[in-house]
Amino acid sequence: MTPTPQPAKTTQATHATRHATRFALPPALTIACALALALLCPAAFAATAAAAPKAAPKFSDYPTTARDLPRTGPHPPLRLTTRTARRFTTVIHTEYNQPPNFAGHLRVTQWGCGTDCRNIAVLDQNTGQAYTLPHVDVIAGVMGNDDERVDFRLDSRLLVISGSFNDKPPGGKFHYLWTGQRLELVFTAPLVVELDVPPVEPPAPAR
């Protein structure tokens, strides 16, 4: 009797090829997906860029909300968790018990460190946390600039620092937004400096 021929065994590679072919996208659909991704990525970058302010923000651009209101009752114990805050504990403890002056329930305290220089801390009277600017020991003024070195409002979450940090150029006008947990830099502008230079008299005409 003639044996019945058996079908050839399907190898593992053949199975893999059939599996990949079964789930492969048609060429036209593959090209369409690639084009869609190319179009969507620039849109995402554009959306992120659009979120950043194009011009210097104003205090009215970031008003306080209901969640920024001070809580009733005594303040919680003050927490000094940064090196700068622990270094200036006396002035910070004194200012902590004063009325809020920034973003509804915060107290901005400042202390001098020499001629036309200072540093700050932001005291959260709802949580007791003291915040300082990382790696900033000195906020120095810039000669010829009349802007307030540290400017803020009780009804706004925006804080503006005019000057330079740690006596290192360049100076600038740095706009910080209070996020609820820290100051976030949202805009930087050049610092306009007006030098008081006497006018130069024209030379006398020759005789």
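This report describes the fold, the nonpolar cores and two individual residues of a predicted protein model.

## Overall architecture

The protein contains 4 helices and 8 strands. Along the sequence, these elements follow the order α-α-α-α-β-β-β-β-β-β-β-β.

Of the 207 residues in the protein, 31% are buried. The accessible surface amounts to about 14400 Å², and carbon and sulfur atoms contribute 61% of that area. Among contacts with a separation of 6 or more, 51% link residues 24 or more positions apart.

## Nonpolar cores

In soluble globular proteins, nonpolar side chains tend to be buried together. In this model, the largest nonpolar core comprises 18 residues. Phe 102, Leu 133, Leu 159, Ile 161, Phe 165 and Tyr 176 have the most contacts inside this core. At least two core residues come from each of strand 1 (106–112), strand 2 (117–124), strand 5, strand 6 (158–165) and strand 7 (168–178).

Phe 165 illustrates the packing in residue terms. When neighbours within four places in sequence are set aside, Phe 165 is in contact with Leu 133, Val 136, Val 138, Ile 139, Phe 174 and Tyr 176. Apart from the largest core lies another core, of 9 residues, which includes Leu 80, Ile 92, Tyr 96 and Trp 111.

## Arg 149

Arg 149 occupies the loop between strand 4 (139–140) and strand 5 (150–152). Is this arginine, Arg 149, buried or exposed? Arg 149 counts as buried because its relative accessibility is 9%, and the cut-off for burial is under 20%.

Residues up to four places away in sequence are excluded from the following contacts of Arg 149. On one side of Arg 149 in the sequence, the partners are Asp 116, Arg 118, Gly 141 and Val 142. The list of residues touched by Arg 149 also includes Val 160, Ile 161 and Ser 162. Of these partners of Arg 149, Ile 161 is also one of the residues with the most contacts inside the largest nonpolar core.

## Val 91

Val 91 is located in helix 4 (residues 89–96). With a relative accessibility of 25%, Val 91 is classed as partly exposed, because that class lies between the limits of 20% and 50%.

Which residues does Val 91 touch, not counting residues up to four places away in sequence? The partners of Val 91 are Thr 109, Gln 110 and Trp 111. Val 91 and Thr 109 are separated by 18 residues in sequence, and their C-alpha atoms lie 7.9 Å apart in space. Trp 111, another partner of Val 91, is among the residues of the 9-residue core.

Conventions: Residues numbered from 1 in each chain as written. Predicted model: local features only at pLDDT ≥ 70, side-chain atom pairs only at ≥ 80, totals over all residues. Heavy atoms only, no water. Buried < 20%, exposed > 50% of the residue type's maximum accessible area, 1.4 Å probe, protein only. Contact = heavy atoms within 4.5 Å. Core = buried A, V, L, I, M, F, W, Y, C linked by side-chain atoms within 4.5 Å. Areas by Shrake-Rupley, 256 points an atom, 1.4 Å probe, with all protein chains shown as cover.
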